[in-house]
Amino acid sequence: MGSATTQARTATTAALDASSAVDLGVARDLFAAARALDDSTQLGGALSDSSASPASREALVRAVFGAVSSPASLDLLTTIVQQRWSSASDLIDGIDDLAVRAASLAAGDADVEGELFGFSRTVAENPELELALGSRVGDAAAKSALVEKLLGGRVSEATALIVTSLVRQPRDRRVRSLLSAAMKTVADQRGRTVATVVTAVPLNEAQSSRLAAALSAKYGTRVSINTVIDASVVGGLRVQIADDVIDASVSSRLADLRQRLAS
């Protein structure tokens, strides 16, 4: 990610946080705008062209999206295109990122990270589903409808919107990568970090709370726990948080012991 894009994301996130009218309609509008730019190379190029004045880019946004977006959505879109982006692709990714953040804000106390993680595990455990959602030749609307059927009534409206929107326009990204990125974005918007914990048996509520507290103290930020059950770890657990891996599993210790005995 270029420095221009990094600064642009910081500015647009600040604009979102300052808005008092963010709801799921705003998130829908932003996702729709990202799709429109992805479908039109000309439009995406024009709105990311740093040689054009911010005023001209804003005028173009208002001309294209003014009649189909809410005032709050349009304000955010104009803020987005007033920034300098390293490429048209970065601009589209930035709009998608802001859409996920908007959905997170609109979701209230809903466990959006946990719901995204749960669907990610469903995809990981069903190769045919992952293939269907990731196929380049599949119909985008059909993929979105499939996800709606799978998630209907099982997750918050915000989570359903995020997942259906992302699988509809993956832009050559794997479904699990999209879901993982969305989880991190939601966690960041809520001021916390996601830790993935692999364990042989489920953690009870007390264990999960103690682990979250310990990780929060270690990393200096609130940590939410996503658990993966994997009998191959035998006992103990393995924790991944950002790029760090803490492996305290029995299988890891046994592997280390075997390596020492063999040397």
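This text leads from the protein as a whole to one of its helices, α4.

The model is a predicted one, and its protein contains 13 helices together with four strands. Taken along the principal axes, the C-alpha atoms fill a box of roughly 70 × 40 × 40 Å. Of the 263 residues, 42% are buried, and the surface that the protein exposes comes to about 13,300 Å², with carbon and sulfur atoms supplying 51% of that area. Among the contacts with a separation of 6 or more, 71% join residues that are 24 or more positions apart. As for charge, there are 27 positive and 30 negative side chains, and the centres of these two sets lie 5 Å apart.

We can now turn to helix α4, which runs over residues 54-65. Its 12 residues, counted at 1.5 Å a residue, should span 16 Å, and because the C-alpha atoms at its ends are 16 Å apart, the model agrees with that expectation.

Which residues of α4 are buried? They are Arg57, Val61 and Phe65, and, seen down the axis of α4, the buried residues fall within an arc of 45°, so they line one face of the helix. The general geometry helps here: an α-helix has 3.6 residues a turn, so residues three or four places apart point the same way. On the other side of α4, by contrast, Ala55 and Ala63 are exposed.

What covers the buried residues of α4? The cover includes three further helices, namely α2 (24-39), α3 (41-47) and α5 (71-82).

Definitions and conventions
Residues numbered from 1 in each chain as written. Predicted model: local features only at pLDDT ≥ 70, side-chain atom pairs only at ≥ 80, totals over all residues. Heavy atoms only, no water. Helix = DSSP H or I, 4+ residues; strand = E, 2+ residues; numbered from the N terminus. Expected span 1.5 Å × (residues − 1). Buried < 20%, exposed > 50% of the residue type's maximum accessible area, 1.4 Å probe, protein only. Arc of directions from axis to C-beta. Contact = heavy atoms within 4.5 Å. Areas by Shrake-Rupley, 256 points an atom, 1.4 Å probe, with all protein chains shown as cover. Lys, Arg positive; Asp, Glu negative; His and termini not counted. Charge placed at Lys NZ, Arg CZ, Asp CG, Glu CD.
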